[in-house]
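I opened my notebook to look up how the strands pair, what lines the pockets, and how a few side chains are placed. Here are my entries, in the order I made them.

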Amino acid sequence: MHSYELEGRGVVAVAIMGVSVLLVWLLHIGLGAVDFDPQWWLSVPSFAGCYSGLHWLFDRYVRRLGLLRKLKLIDLPDLNGRWVGEVKSSYNRDGSAHSVSAVILQRWSKVVIRLETEQSRSRSISASLRTGDLANPELSYQYVNEPKSDAPGTMAMHRGTATLELVGSRLEGDYYTGRGRGEVGTVALTRCRQ
């Protein structure tokens, strides 16, 4: 997985810091009430430890709670899961489509997008997710594509970029490949039921 750009991430970091300070203060008050005086080594990492623990929980679990979306506290769509669909490429002059499957692994701080067709596999190397100023969330990412061993000799490893819009349970948009391939096309993916 790699880091990705996400609008509004700073607000969450500040909120986690605030909750961490509050928890550390409550811990200090609680320990003082029972007449327990922790050594210096316990008080120094308490804020950092509290922040790290809360960030870890938010990164993996809390951000997925539907309540946070209903309250409009976060607007990050959950793209985790398996997706299937088709890719149309300018390489195919007849406009035919190829079946594609994808797996998206997403956390608050990291993501990876893996696509596979009959002839090749690709994986993202950088990504961004825009939500604020658009009608629908937009996932943009750069990828590296590697042909499978039985792919035609005309296929070569290459880089490319895809920009997909989330519309309901579908990701759809365009892609283009880097120098050497010079192709463009469309991608349409539907989330599989889990």
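**Entry 1: strands 9 and 10.** I looked up strand 9 and strand 10, and they pair in the antiparallel sense over 7 bridges. I picked out one place in this pairing: Arg170 stands opposite Thr190 in strand 10. I note here that I am reading a predicted model.

**Entry 2: the other neighbour of strand 10.** Strand 10 covers residues 184-191, and 7 bridges join strand 3 to it, with the two strands running antiparallel. The residue I marked here is Ser89, which stands opposite Gly185 in strand 10.

**Entry 3: strands 3 and 4.** Next I followed strand 3 to strand 4, and found an antiparallel pairing over 8 bridges. Gly85 has Val100 in strand 4 as its bridge partner.

**Entry 4: strands 8 and 9.** I then went back to strand 9 and looked at strand 8 beside it. Strand 8 and strand 9 pair in the antiparallel sense, over 8 bridges. Leu164 stands opposite Gly173 in strand 9. These two strands form a hairpin with 2 residues between them. I asked myself which residue in this hairpin takes a positive phi. I found that Gly168 does, with a value near 65°.

**Entry 5: strands 6, 7 and 8.** How many bridges join strand 6 to strand 7? I found 10, and the strands run antiparallel. One pair I wrote down is Arg130 with its bridge partner Glu138 in strand 7. Strand 7 is also joined to strand 8 by 8 bridges, and these two run antiparallel as well. Here Leu139 has Leu164 in strand 8 as its bridge partner. I had already met Leu164 opposite Gly173 in strand 9.

**Entry 6: Tyr141.** I stayed in strand 7, where Tyr141 has its place. Is Tyr141 buried or exposed? Its relative accessibility is 4%, so Tyr141 counts as buried. Leaving out residues up to four places away in sequence, I listed what Tyr141 touches: Ile113, Leu115, Ser124, Ser126, Ala127, Gly160, Thr161, Ala162 and Leu164. I also checked Tyr141 against Ala102, which is 39 residues apart from Tyr141 along the chain. Their C-alpha atoms are separated by 14 Å.

**Entry 7: Ser122.** Ser122 lies in strand 6. Its relative accessible area is 10%, which means that Ser122 is buried. With residues up to four places away in sequence again left out, Ser122 touches Ile113, Arg114, Leu115, Tyr143, Val144 and Asn145.

**Entry 8: Thr177.** I moved on to Thr177, which has its place in strand 9. Thr177 is buried because its relative accessible area is 8%, and the cut-off for buried is under 20%. What does the side chain of Thr177 reach at 2.8 Å? I found the backbone nitrogen of Glu183 there. Beyond four places away in sequence, Thr177 touches Tyr143, His158, Arg159, Gly160, Gly182 and Glu183.

**Entry 9: the largest pocket.** I turned from single residues to open space. The largest pocket holds about 500 Å³ of space. I counted 27 lining residues, and those nearest the centre are Val87, Thr117, Ser120, Asn145 and Tyr175. Which strands supply at least two residues each to this lining? I wrote down strand 3 (81-89), strand 4 (97-106), strand 5 (110-116), strand 6 (120-130), strand 7 (138-147), strand 8 (158-167) and strand 9 (170-177). By class, the lining has 11 nonpolar, 11 polar and 5 charged residues.

**Entry 10: the second largest pocket.** About 280 Å³ of space lies in the second largest pocket. Its lining is made of Val11, Val12, Ala15, Ile16, Val19, Leu54, Leu57, Phe58, Val62, Leu68, Leu73 and Ile74. Helix 1 (9-33) and helix 3 (46-60) are the elements that give two or more residues to this lining. Helix 1 gives the largest share, 5 residues. How does this lining divide by class? I found 12 nonpolar residues, no polar ones and no charged ones.

**Last note.** I set the two linings side by side on my page: 11 nonpolar, 11 polar and 5 charged residues for the largest pocket, and 12 nonpolar residues with no polar or charged ones for the second largest.

Notes: Residues numbered from 1 in each chain as written. Predicted model: local features only at pLDDT ≥ 70, side-chain atom pairs only at ≥ 80, totals over all residues. Heavy atoms only, no water. 1 Å grid on protein atoms, 1.4 Å probe; cavity = no way out; pocket = protein on both sides within 12 Å on 5 of 7 lines; lining within 4 Å. Points joined across faces, edges and corners; volume = space filled by probe spheres on them. Helix = DSSP H or I, 4+ residues; strand = E, 2+ residues; numbered from the N terminus. Nonpolar A, V, L, I, M, F, W, Y, C, P; charged D, E, K, R; others polar. Pairing = 2+ DSSP bridges. Buried < 20%, exposed > 50% of the residue type's maximum accessible area, 1.4 Å probe, protein only. Contact = heavy atoms within 4.5 Å. Polar contact = N/O pair within 3.5 Å; in protein donor to acceptor, adjacent residues only side chain to side chain.
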